[in-house]
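The following paragraphs lead through one protein model, from its packing to its side-chain contacts and backbone. Please keep the structure in view while reading.

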Amino acid sequence: MAPSLSAKVLTSEMMELTKNILEELGFIVTFGHHIFESDFQQSSSIVQRVADIHDAFLDPQVKAILTVLGGYNCNEVLPYLDYRMIAENPKILCGFSDITALATAITKKCDFITYSGPHFSSFRMEQA
């Protein structure tokens, strides 16, 4: 999911490479419905980002959530999240940078651990 910047800032080649790398590691990769939407802040709307967050936590097939990347406006979604529903559907949530606001809110309000770790886009990096 993309609770901050849109995946539109990544090239289709980067998206495909990352998806392939994760699938080679044994993961089944799915995407939020709105991750490629982009407005003047290079994000989907708050409503769309909240919908993707809620959908990810409600989907019983989703075991872990990687954020696409950070940015600067993840905090906009915080007042609109259904923390009770999220708490009832705990998942692994992993990301860093701007995502720290989301992870901290979920840890505090839902009483489960979140992870500061790689974004989806981090997996495309090649070793030197």
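**Helix packing and the sheet**

The buried residues of α4 are covered by parts of the structure that include α2 (46–58), α3 (83–88) and β2. The model is a predicted one, and every element named here should be read in that light. Helix α4 itself comprises 12 residues, 99–110, and its first and last C-alpha atoms lie 16 Å apart, close to the 16 Å expected at 1.5 Å a residue. Its buried residues are I99, L102, A103, A105, I106 and C110. These residues lie on the same side of α4, because the arc that they cover around the axis is only 165 degrees. This fits a general property of the α-helix, which has 3.6 residues a turn, so that residues three or four places apart point the same way.

Helix α2, one of the elements that cover α4, can be examined in the same manner. Its 13 residues should span 18 Å at 1.5 Å a residue, and the 18 Å between its end C-alpha atoms agrees with that expectation. The residues of α2 that are buried are R49, V50, D52, I53, H54, A56 and F57, and they pack against β1, α3 and α4. The list thus contains charged residues such as R49 and D52, and R49 returns below as a partner in a salt bridge.

The strands named in these contacts belong to an open sheet of three strands, ordered β1-β2-β3 and paired in parallel. The edges are occupied by β1 (64–66) and β3 (115–116), each of which has a single partner strand, so one side of each is left without a neighbour in the sheet. Between β1 and β2 (residues 92–95), which run parallel, there are three bridges, and in this pairing A64 stands opposite I92 of β2.

**A buried threonine**

Beyond β1, in the loop between β1 and α3, lies T67. With a relative accessible area of 0%, T67 is buried. Where does its side chain find a polar partner? The side chain of T67 makes a polar contact with the side chain of H119, at 2.7 Å. Leaving aside residues up to four places away in sequence, T67 touches M1, P3, L93, C94, G95, I99, H119 and F120. One of these, I99, is also among the buried residues of α4, while L93, C94 and G95 fall within the residue range of β2.

**Salt bridges**

The whole structure contains three salt bridges. Which of them ties together parts that are 27 residues apart in sequence? It is the salt bridge between E76 and R49, in which the closest N and O atoms are 2.6 Å apart; E76 lies in the loop between β1 and α3 and R49 in helix α2, so the pair ties together parts separated by those 27 residues. The partners differ in their accessibility, since E76 is partly exposed at a relative accessible area of 23%, whereas R49 is buried at 2%.

The other two salt bridges each lie within a helix. E23 forms one with K19, with 2.7 Å between the closest N and O atoms, and both residues belong to helix α1 (residues 12–24), where they are four residues apart, about one turn of the helix. E23 counts as partly exposed, its relative accessibility being 33%. R84 and E88 form the other, with their closest N and O atoms 3.3 Å apart; both lie in helix α3, again four residues apart and about one turn of the helix, and both are exposed.

**Backbone with positive phi**

Most residues other than glycine have a negative phi, and against that background several positions deserve a look. D111, just after α4, takes a positive phi of about 60 degrees. Q42, which lies in the loop between α1 and α2, has a positive phi near 60 degrees although it is a residue other than glycine, and at 40% relative accessibility Q42 counts as partly exposed. S97, found in the loop between β2 and α4, is likewise not a glycine and has a positive phi of about 65 degrees; with a relative accessible area of 44%, S97 is partly exposed.

Technical notes
Residues numbered from 1 in each chain as written. Predicted model: local features only at pLDDT ≥ 70, side-chain atom pairs only at ≥ 80, totals over all residues. Heavy atoms only, no water. Pairing = 2+ DSSP bridges. Expected span 1.5 Å × (residues − 1). Buried < 20%, exposed > 50% of the residue type's maximum accessible area, 1.4 Å probe, protein only. Arc of directions from axis to C-beta. Contact = heavy atoms within 4.5 Å. Salt bridge = Lys/Arg side-chain N within 4 Å of Asp/Glu carboxyl O. Polar contact = N/O pair within 3.5 Å; in protein donor to acceptor, adjacent residues only side chain to side chain.
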